[in-house]
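Colleague: I would like to take a close look at a single part of this protein, and I would be glad if you could set that part within the whole chain as you go.

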Amino acid sequence: MRTALDYLIFDYSEDEEGSATWDAMATVTADRWPALQAEVLQVLHWAEQQFPRQRGALDEGAAWDFDISLGDSTGRDLRAVVQGQPLALQHAALSATGTVTLTLTLTGRAAFADALLQAFDLE
């Protein structure tokens, strides 16, 4: 079953070794933050379930990895960290006004790339 994403729109690139990278950036108002956060965690939960204990540096043999950053409309870094079981996104307090910008980068080997494309209907 394919899942459509509402906030994350990924740009795809591939390096000369065949590793795939998807970069997404989404900016939302504080009231939309819970929905964006849920979508990010949905993607990361999927990756953990489909490729358990295979996250890490690709050049060290891992199947996939991710990087995440979070900032507000003033340019303040909100120090986003994803950890725990189940995964949770922890960050500095958000302002009730203004916007929040999240950047998510996923990298993966061929099997991860194929599965991600299928699961989230990415082009």
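Colleague: Is Gln 37 buried or exposed, and what is its relative accessible area?

Modeller: Before I come to that residue, please keep in mind that this is a predicted model, so each statement here is about computed coordinates and the confidence attached to them. The protein chain has an average pLDDT of 87, and 95% of the residues reach a score of at least 70. Confidence is highest in strand 2 (residues 20–29), where the mean is 94, and lowest in strand 5 (residues 88–90), where the mean is 76.

Now to the residue itself. Gln 37 belongs to helix 1, which covers residues 33–50. Its relative accessible area is 19%, and because buried means under 20%, Gln 37 counts as buried. If we set aside the neighbours within four places in sequence, Gln 37 is in contact with Leu 89 and His 91. When you consider the contact with Leu 89, remember that residues 88–90 form strand 5, the element in which confidence is lowest.

A second residue makes a useful companion to this one. Arg 32 lies in the loop between strand 2 and helix 1, and with a relative accessibility of 40% it counts as partly exposed, whereas Gln 37, at 19%, is buried. Although Arg 32 and Thr 99 are 67 residues apart along the chain, their C-alpha atoms are separated by 9.3 Å.

The wider setting can now be drawn around these two residues. The protein chain contains two helices and six strands, and, read from the N terminus, these elements follow the order β-β-α-β-β-β-β-α. The radius of gyration is 15 Å, close to the 14 Å that the globule rule gives for 123 residues, so the chain is as compact as a globular protein of that length. Its C-alpha trace spans about 40 × 30 × 25 Å along the principal axes.

Burial and contacts can be described for the whole chain as well. Of the 123 residues, 40% count as buried, and Gln 37 is one of the buried residues. Among the contacts between residues at least 6 apart in sequence, 65% join residues that are at least 24 apart.

Finally, we can turn to the surface and the charges. The chain exposes about 7100 Å², of which carbon and sulfur atoms supply 48%. There are 7 positive and 19 negative side chains, and the centres of these two sets lie 8 Å apart.

Note on methods. Residues numbered from 1 in each chain as written. Predicted model: local features only at pLDDT ≥ 70, side-chain atom pairs only at ≥ 80, totals over all residues. Heavy atoms only, no water. pLDDT = per-residue confidence, 0-100. Helix = DSSP H or I, 4+ residues; strand = E, 2+ residues; numbered from the N terminus. Rg over C-alpha atoms; globule rule 2.2 N^0.38 Å. Buried < 20%, exposed > 50% of the residue type's maximum accessible area, 1.4 Å probe, protein only. Contact = heavy atoms within 4.5 Å. Areas by Shrake-Rupley, 256 points an atom, 1.4 Å probe, with all protein chains shown as cover. Lys, Arg positive; Asp, Glu negative; His and termini not counted. Charge placed at Lys NZ, Arg CZ, Asp CG, Glu CD.
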